[in-house]
Amino acid sequence: MSITRHPDSAWLIDYACGNLSRGFELVVSAHVMACARCAEEVRCAERLGAELMLGSAPAPARLTASGIIDAEPRETAWLNGRPRLATQPAGASLQSFVDAYLDCGLSALPWRKAGRGLQIAKLRAEDDERLWVLRAAPNTVLPHHGHAGSELTLVLKGAYFNGDTIYAAGDLEDANETTEHQPIVTRDGECICLAATEGPLRFKSWPPRLAQRYLGI
Amino acid sequence: MNTPPDAAVDSAAIVPFPLDAGRPEGDDSASQETQLLLRVRDQRDRAAYQRLFDLFAGKVQGYLRRTGLDPADAENILQDIMLAVWQKARLFDAQRASARTWIFSLARNRLIDMKRSAKREYAALERFHQETADDQVYEEDMLARAAGSKSVALLSHLPPEQASVLLMAYVEGKSHREIALELNLPIGTVKSRARLGFQRVRGLLEQAS
């Protein structure tokens with residue numbers, strides 16, 4: 001897999017700091033697991049975090065090392081404060097992504113038809129954030145749209161065009177309120193993407209606007 | 001998604017991405033900390049833990065306080081972190097991270113858990129912001145110099161607007177979207193500041209390795 005489209009450093013810093021909401025964190029983490037370049041950038045961002053932490057002026061605490069050593073175990077579910085991660089979530093290992101993140105098969109997702117050749121399944125909705133899986137047949141032309149906030153789209157399988165840019169498995173498209181686009185799936189096969197969105201999409205034509213209420217996109 | 005049981009926690013990496021193997025920190029104190037943590041992990045060495053505790057506890061508490069936690073909440077979280085260092089040391093992989101980076105990731109994950117389980121903004125954070133918003137960069141700079149932190153001192157060499165964005169992300173726990181809203185700046189401007197500042201600091205950190 002050759003990944004050529006990466007998230008901005010600001011996303012990776014937020015990921016390293018734990019500042020992202022769950023949906024965006026999940027999309028970034030899936031990309032980072034598949035992308036050595038971004039994994040290295042996150043590692044550096046964490047290293048900076050460690051240095052900043054150790055640069056803090058010490059504050060007094062009543063704890064003692066011996067008290068900790070002799071303490072009873074406490075709840076440690078927080079250790080796994082990240083989404084569960086597959087070793088190879090993108091591309092050919094779509095199934096491992098599904099196993100790791102969705103706890104069910106693709107066919108078990110709550111699919112809804114969202115236009116010709118396009119199905120969508122909503123995985124999460126929290127505040128104004130949505131997490132989706134999109135599944136589009138070859139040559140599907142998605143509606144031209146803009147955004148009310150950020151949108152991160154990770155290609156899990158297949159590929160799509162945006163203008164003259166192609167996004168293939170493992171690539172991540174970083175869009176926001178300054179971006180308008182119209183993805184077109186390549187003719188080679190179906191395209192499956194994981195997408196986190198903030199706020200409603202802004203469609204340029206009426207049919208998708210009408211469907212928007214029904215689908216909650 | 002289901003919450004994985006503790007067994008799953010142990011098999012999952014705490015640092016959830018592939019870190020490059022065996023790269024030395026180049027900083028004697030960082031490698032000494034890692035050696036201490038390996039003695040805790042492999043030999044359950046209480047003296048090594050005592051030294052690690054002395055090196056980290058006060059500074060981690062200071063960091064937690066800077067994020068806006070009150071002393072009692074910070075100490076509760078510090079206890080969880082230092083307990084994990086002792087009880088879950090087997091999860092530490094020196095090939096993937098130094099001790100200090102691992103402990104930072106523990107603090108980060110504990111703070112994520114607190115924010116999500118509480119599902120609320122903690123009020124102290126807001127107080128902290130109001131009290132320090134204007135002097136943030138200069139205060140951090142001063143603290144950094146006082147603590148002799150190499151990389152925080154590096155931050156002080158950044159243009160103030162870049163240092164400020166990085167500090168808001170790292171210390172105040174704000175996403176670049178939240179920073180854009182708070183500073184009333186276009187999202188692209190905040191991303192550029194974060195990216196340029198981070199690139200500069202990253203270069204300096206790598207030089208130090």
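The following exchange goes through a predicted model and asks what lies behind the terms used for it.

Biologist: What does chain A contain in helices and strands?

Modeller: Chain A has 6 helices and 11 strands. Buried residues make up 47% of its 217 residues. Of the contacts in chain A with a separation of 6 or more, 70% are between residues 24 or more positions apart.

Biologist: Why is Gly189(A) called buried or exposed?

Modeller: Gly189(A) has 12 C-beta neighbours inside 10 Å. A residue is exposed if the count is 12 or fewer, so Gly189(A) counts as exposed. Gly189(A) lies in the loop between β9 (184–185) and β10 (191–198) of chain A. Leaving out residues up to four places away in sequence, Gly189(A) touches Pro138(A) and Gly158(A). The C-alpha atoms of Gly189(A) and Ala159(A) are separated by 8.0 Å, with their positions 30 residues apart along the chain.

Biologist: Gly170(A) is also found in a loop, between β7 (165–168) and β8 (172–175) of chain A. How do you know whether Gly170(A) is buried or exposed?

Modeller: Gly170(A) has 23 other C-beta atoms within 10 Å. The cut-off for a buried residue is 20 or more, so Gly170(A) is buried. From Gly170(A) to Thr153(A) the C-alpha distance is 9.9 Å, and the two are 17 residues apart in sequence.

Biologist: What makes helix α1 (residues 9–17) of chain A largely enclosed by the rest of the structure?

Modeller: The count of buried residues in α1(A) is 9 of 9, so the helix is largely enclosed. Among them are Trp11(A), Leu12(A), Ile13(A), Asp14(A) and Tyr15(A). After α1(A) comes Gly18(A), which has a positive phi, near 75°.

Biologist: Why are α1(A) and α3(A) called oblique to each other?

Modeller: Their axes cross at roughly 55° and come within 9 Å. Roughly parallel requires an angle under 35 degrees, and roughly perpendicular requires 65 to 115. The angle of roughly 55° fits neither range, and α1(A) and α3(A) are therefore oblique. The crossing is right-handed.

Biologist: Which residues of α1(A) and α3(A) meet?

Modeller: From α1(A) the residues are Ser9(A), Leu12(A), Ile13(A), Tyr15(A), Ala16(A) and Cys17(A), and from α3(A) they are Cys38(A), Glu41(A), Val42(A), Ala45(A), Glu46(A) and Gly49(A). By class, this contact of α1(A) with α3(A) has 8 nonpolar, 2 polar and 2 charged residues.

Biologist: Helix α3 (residues 36–54) of chain A also packs with helix α11 (residues 187–208) of chain B. What makes α3(A) roughly perpendicular to α11(B)?

Modeller: The packing angle is about 80°, with the axes 10 Å apart. The range for roughly perpendicular is 65 to 115 degrees, and that makes α3(A) roughly perpendicular to α11(B). On the α3(A) side the contact is made by Cys44(A), Ala45(A), Arg47(A) and Leu48(A), and on the α11(B) side by Phe198(B), Val201(B), Arg202(B) and Leu205(B). The contact of α3(A) with α11(B) has 6 nonpolar, no polar and 2 charged residues.

Biologist: Why do β1 (111–113) and β8 of chain A stand at the edges of their sheet?

Modeller: The sheet is open, and its 6 strands follow the order β1-β2-β3-β10-β5-β8 in chain A, with antiparallel pairing. β1(A) and β8(A) each have a single partner strand, so one side of each is left without a neighbour in the sheet. From one strand to the next the twist averages 25°. Helix α2 (residues 22–34) of chain A packs on this sheet, and its direction makes about 45° with that of β5(A).

Biologist: How do you know that β5(A) pairs with β10(A) and with β8(A)?

Modeller: Two strands pair if there are at least two bridges between them. β5(A) has 6 bridges with β10(A) and 4 with β8(A), and both pairings are antiparallel. Leu152(A) stands opposite Ala196(A) in β10(A), while Glu151(A) stands opposite Ala175(A) in β8(A). β5(A) is mostly covered, with 6 of its 7 residues buried.

Biologist: How many bridges join strand β3 (residues 129–136) of chain A to β10(A)?

Modeller: There are 8 bridges, and the two strands run antiparallel. Trp132(A) has Ala195(A) as its bridge partner in β10(A).

Technical notes
Residues are numbered from 1 along each chain as its sequence is written. Chains are lettered from A and ligands numbered from 1 in the order in which they are written. This is a predicted model: local features need pLDDT of at least 70, side-chain atom pairs count only at pLDDT 80 or more; totals for chains, interfaces and linings use all residues. Axes are lines fitted to C-alpha atoms, for helices over the stretch in contact, and angles run from 0 to 180 degrees between N-to-C directions. Angles under 35 degrees count as roughly parallel, over 145 as roughly antiparallel, 65 to 115 as roughly perpendicular and the rest as oblique. Two residues are in contact if their C-beta atoms, placed from the backbone, lie within 7 Å. Ala, Val, Leu, Ile, Met, Phe, Trp, Tyr, Cys and Pro count as nonpolar, Asp, Glu, Lys and Arg as charged, and the others, Gly among them, as polar. A crossing is left-handed if the near helix is turned anticlockwise from the far one by less than a right angle, and right-handed if clockwise.
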